[in-house]
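Biologist: I would like to go through this model one question at a time. Please give the reasoning before each value or name.

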Amino acid sequence: KGPDPDLVAIAERMATVKHKILILSGKGGVGKSTFSAQLSFALASLDFQVGLLDIDICGPSIPKMLGLEGQDIHQSNLGWSPIYVESNLGVMSVGFMLPNPDEAVIWRGPRKNGLIKQFLKDVHWGELDFLVVDAPPGTSDEHISIVQFLQATGIDGAIIVTTPQQVSLIDVRKEVSFCKKVGVEVLGVVENMSGLSQPLTDFKFMKAGEHGDAGGAAEMCQEMGVPFLGKVPLDPQLCKAAEEGRSCFEGQSCRVSAPVLRGMIEKL
Ligand code: ADP
């Protein structure tokens with residue numbers, strides 16, 4: 001039996017990508033996508049050529065966070081073209097391919113793996129210094145596939161995002177163990193939403209509709225007849241920017257504390 005043609009195609013596609021970094025988290029909602037975007041913008045601001053690939057099939061957040069919802073993906077004879085949010089930062093998300101953002105994606109493993117494979121095979125990134133891959137939360141089928149697909153061409157490693165709380169930290173252990181088992185280096189763990197970016201007095205409970213969207217969770221809860229318990233932000237600026245779909249624009253690129261990013265980038 002010869003080599004798997006898909007793996008050969010992925011290897012060819014990835015031949016122009018110097019570094020591949022997987023962003024993982026044990027749980028959803030800890031800021032993995034936010035961090036993936038932050039890191040991508042930070043790398044791009046250092047003049048690297050960067051690709052941000054969002055393969056969180058069940059909850060792709062990157063299009064919303066970067067204000068790219070509803071964008072059509074163009075295909076050329078070279079493959080699918082990423083959407084450029086900076087001249088040196090291209091973005092590709094499974095969200096661009098899914099028909100309706102409100103509809104649950106209830107695919108079984110093989111179909112998810114097929115889409116991930118296609119993404120790795122068919123997106124025309126060109127020459128990249130870094131490909132930042134925003135993976136789904138947890139350690140599921142998809143993770144094994146991503147690693148398997150990329151390993152043929154070498155993965156630099158994974159960055160694991162967590163919040164300071166035990167419930168998230170417990171799952172980090174699983175992510176670390178996963179990385180060990182599949183032979184992916186852990187580049188580091190990032191503690192997101194750790195401490196407050198401003199004095200406590202500057203924080204307030206955000207009200208529905210405060211960020212220009214027509215309702216938020218409270219309204220949705222009302223709609224669905226379920227209780228709304230309220231929410232407490234940690235960095236109101238970052239949160240607001242993501243809500244408004246301008247996550248890292250307008251000089252907000254390096255909101256994740258500079259030393260964390262610098263330390264990581266130096267390690268890569
Ligand atoms: P995940 O990818 O882990 O599911 P997200 O990146 O989608 O998490 O983040 C979940 C929510 O938390 C988003 O609404 C995001 O704007 C917000 N968020 C993430 N990090 C921070 C932070 N440091 N301060 C405030 N809000 C944050």
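Biologist: What percentage of the residues of the chain count as buried?
Modeller: This is a predicted model. A residue is buried if 20 or more other C-beta atoms lie within 10 Å of its own. Of the 268 residues in the chain, the share that counts as buried is 38%.

Biologist: Which share of the contacts with a separation of 6 or more is made by residues 24 or more positions apart?
Modeller: The chain has nine helices and nine strands. Among its contacts with a separation of 6 or more, the part due to residues 24 or more positions apart is 79%.

Biologist: In what order do the strands of the open sheet stand?
Modeller: The open sheet is formed by seven strands, and its pairing is mixed. Neighbouring strands in this sheet are turned against each other by 25 degrees on average, direction ignored. The order is β5-β6-β2-β7-β1-β8-β9.

Biologist: Why is one side of β5 and of β9 left without a neighbour in the sheet?
Modeller: β5 (83–86) and β9 (186–191) each have a single partner strand, so one side of each has no neighbour in the sheet. The reason is their place in the sheet: both stand at the edges.

Biologist: Is V186 buried, partly exposed or exposed?
Modeller: V186 lies in strand β9. Leaving aside neighbours within four places in sequence, V186 is in contact with G157, A158, I160, V176 and C179. A buried residue needs 20 or more other C-beta atoms within 10 Å, and an exposed one has 12 or fewer. V186 has 17, so V186 is partly exposed.

Biologist: Which residue of β7 stands opposite L53?
Modeller: β2 pairs with strand β7 (residues 128–134) in the parallel sense, over five bridges. The residue of β7 opposite L53 is V133.

Biologist: Which elements are included in what covers the buried residues of α4?
Modeller: Helix α4 (residues 109–122) reaches 20 Å from its first C-alpha to its last, close to the 20 Å expected for its 14 residues. Its buried residues are K112, I116, F119, L120 and K121. The cover over them includes α1 (5–14), β2 (50–54), β6 (89–93) and α5 (141–151).

Biologist: How do the residues of the contact of α4 with α5 divide into nonpolar, polar and charged?
Modeller: α4 and α5 pack at an angle of about 35 degrees, their axes 9 Å apart, and the crossing is right-handed. The contact is made by G109, K112, N113, I116, K117 and L120 of α4 with D141, E142, S145, I146, F149 and L150 of α5. These residues divide into five nonpolar, three polar and four charged.

Conventions:
Residues are numbered from 1 along each chain as its sequence is written. This is a predicted model: local features need pLDDT of at least 70, side-chain atom pairs count only at pLDDT 80 or more; totals for chains, interfaces and linings use all residues. Helices (H or I, at least four residues) and strands (E, at least two) are DSSP runs, numbered from the N terminus. The expected span of a helix is 1.5 Å times one less than its number of residues. Two residues are in contact if their C-beta atoms, placed from the backbone, lie within 7 Å. Axes are lines fitted to C-alpha atoms, for helices over the stretch in contact, and angles run from 0 to 180 degrees between N-to-C directions. A crossing is left-handed if the near helix is turned anticlockwise from the far one by less than a right angle, and right-handed if clockwise. Ala, Val, Leu, Ile, Met, Phe, Trp, Tyr, Cys and Pro count as nonpolar, Asp, Glu, Lys and Arg as charged, and the others, Gly among them, as polar. Two strands pair if DSSP finds at least two bridges between them.
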